[in-house]
Amino acid sequence: MALVENDPFENSRKQVHDACDLLDITDKGMREYLVMPNRVLRFKIPVMMDDGNLRIFTGFRSQHNNDKGPYKGGIRYFNPKGGVEYMEREVMALSSWMTWKCAILDLPLGGGKGAVYVNPKEEKISAGEKERITRRFAYMLSEVIGPEKDIPAPDVYTTGKEMIQIMDTFGKLNGNRYTPGVITGKPVPVGGSLARNVATGLGSAYCTREAAKTLKIPLKGAKVVLQGFGNASTYAGIYLEKMGCKVIGASDSKGSVLVPAGFKMDKMMEHKSKKGTVVGYPGSKKVTAAELLTAKCDILVPGALENQIDAKIAAKLQCKIITEAANGPTFPEADPIIFKKKILLIPDILANSGGVCISYLEWVQNNQGYYWSFDDVAGKMETTIVRGFKASYEFAKKHKVDMRKASMAIAVDRVVKAFEHRGLWP
Ligand SMILES: NC(=O)C1=CN([C@@H]2O[C@H](COP(=O)(O)OP(=O)(O)OC[C@H]3O[C@@H](n4cnc5c(N)ncnc54)[C@H](O)[C@@H]3O)[C@@H](O)[C@H]2O)C=CC1
Ligand SMILES: O=C(O)CCC(=O)C(=O)O
């Protein structure tokens, strides 16, 4: 029996086993080694709130695998419906996906993920309270993170502001050192990289462009539906629009809208910043989340949260390409349905890997103390992600499997090889 409903870690476990099947890895111990995180930390974060009351938050960091390099992965502040038990399984799954995401790009990094169970948007946590949560979280993590150990980054409802507070707290606890390489996604004036803020969506757009090329779908006028309107999905929309696409749908935590004639991304962003939601955009029709996902379009970009496309929704999908800008948006039972419908699904570990790719380049710049231009960084990311896409596509064709299985198999094989080179000690 699953420990929590819709357990994302069980989904990640299945994906690792599918890759092992393809690679003929039969050893049970090796399979378990690849599935399980090296360690999962769960700790309390006591914070004095503005009203003078002490409140205890729960924090997590899952360190999945570091055979290819330091653990790497974001930190989210969120309150999934399943509560803290669900969140523990969620960070375990997300840390596993980080391992495979770094490996499909062949970055010298492993996989980790962290979280605090709090929704700063719903709860109206003040800036001071958020900073105290973040700095206490950094204090609790300070012994297990570091530029050569584990390098966090932003994720849902965290930004450069929290990243710099974590860097600052870590530095103060380590002899007042300037340690920019302990975290990525920092603001540019304090050791961040150009292009990191747009990286996830830009990488999704590069992947989509490659997919459209292979399917011979012209991007000019191609209809795009975005689920979510945060960092990942907004920049995916902006860059797909620059490539000639027409965005016709969007959503956020308050609802989903379709605009059959299409809308300009800057106009929708202006609307969202004024009204706090995409809902109510002039000329739009409010629809359910399922109606948004199954709307007729060329490119569907699920870019919000995991567990969005189940078998029922998969059966009704009307798109040609799915670009998983979010982590884990598709249930395992939906994958074979999507494959049978000949929809080209670009899996999360590839489709949203632009973020970690530029995080890696940020860390390289921090380590060398010399900084590159926007075009340098975006160009290096484009080369890396297109190589990952092409390798996965060729593997998928050769073995007649979907792109998720192909990307996972390549990634798992690389981690197994790293493990074999290093050996086990002690
Ligand atoms: N920020 C990054 O660099 C990366 C993010 N991702 C993934 O992308 C996804 C989104 O993350 P970000 O864009 O960074 O977060 P964000 O905090 O910038 O935006 C989250 C968005 O999700 C929306 N949302 C929340 N609940 C929703 C619901 N029930 N239905 C529809 N929309 C809902 C919010 O309204 C917001 O628009 C996550 O799965 C994250 O792990 C993946 C790789 C890197
Ligand atoms: O930039 C990073 O290091 C990781 C971003 C992240 O959390 C993700 O790719 O899911």
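In this predicted model, the shell around ligand 1 is made up of nine nonpolar, eleven polar and two charged residues. That shell takes at least three residues from each of domain 1 (35–178) and domain 2 (199–341), and these two domains both give residues to the largest nonpolar core, so the core lies between them. The briefing below takes the ligand shells, then the core, the overall fold and a few backbone details.

**Surroundings of ligand 1**

- Ligand 1 is surrounded by 22 residues, and the closest of these are G230, D252, A304, A326 and G355.
- Among the secondary-structure elements, α8 (231–242) and β7 (246–252) each contribute at least two residues to the shell around ligand 1.

**Surroundings of ligand 2**

- Around ligand 2 there are 13 residues, of which G74, A153, G355, V356 and S359 are the closest, and the elements that give two or more residues to this shell are β3 (71–78) and α14 (353–368).
- Sorted by class, the residues around ligand 2 comprise two nonpolar, eight polar and three charged ones.
- G355 is listed among the closest residues to ligand 1 and is also listed among the closest residues to ligand 2.

**The largest nonpolar core**

- The largest nonpolar core holds 125 residues, and the members that touch the most others are V224, I299, C357 and V412; helix α3 (residues 83–104) provides the largest share of this core, with twelve residues.
- For V412, once its neighbours within four places in sequence are set aside, the contacts are with V16, A19, C20, L23, L34 and W100.

**Overall fold and dimensions**

- The protein chain contains 16 helices and twelve strands, and it is divided into domain 1 (35–178) and domain 2 (199–341), whose C-alpha centres lie 27 Å apart.
- For 426 residues, a compact globule would be expected to have a radius of gyration near 22 Å, and the 20 Å computed for the protein chain agrees with that expectation.
- Along the principal axes, the C-alpha trace of the protein chain extends over about 55 × 55 × 50 Å.
- Of the 426 residues in the protein chain, 54% count as buried.
- When contacts between residues at least 6 apart in sequence are considered, 70% of them join residues that are at least 24 apart.

**Backbone details**

- Y157, although it is not a glycine, has a positive phi of about 60°, and this residue sits in the loop between β5 (150–154) and α6 (160–173). Y157 has 20 C-beta neighbours inside 10 Å and therefore counts as buried, since the cut-off for a buried residue is 20 or more.
- N176 likewise has a positive phi of about 60° without being a glycine, and its place is in the loop between α6 and α7 (199–215). With 8 C-beta neighbours inside 10 Å, N176 counts as exposed, because a residue with 12 or fewer such neighbours falls in that class.
- Near the end of the numbering discussed here, W425 and P426 are joined by a cis peptide bond with an omega of about -5°, and P426 belongs to the segment after α16 (403–422).

Note on methods: Residues are numbered from 1 along each chain as its sequence is written. Chains are lettered from A and ligands numbered from 1 in the order in which they are written. This is a predicted model: local features need pLDDT of at least 70, side-chain atom pairs count only at pLDDT 80 or more; totals for chains, interfaces and linings use all residues. A nonpolar core is a set of buried Ala, Val, Leu, Ile, Met, Phe, Trp, Tyr and Cys residues joined through C-beta atoms within 7 Å. Helices (H or I, at least four residues) and strands (E, at least two) are DSSP runs, numbered from the N terminus. Domain bounds come from an automatic or database domain assignment. Two residues are in contact if their C-beta atoms, placed from the backbone, lie within 7 Å. A residue is near a molecule or strand if its C-beta atom, placed from the backbone, lies within 6 Å of it. Ala, Val, Leu, Ile, Met, Phe, Trp, Tyr, Cys and Pro count as nonpolar, Asp, Glu, Lys and Arg as charged, and the others, Gly among them, as polar. The radius of gyration is taken over C-alpha atoms; the globule rule is 2.2 Å times the number of residues to the power 0.38.
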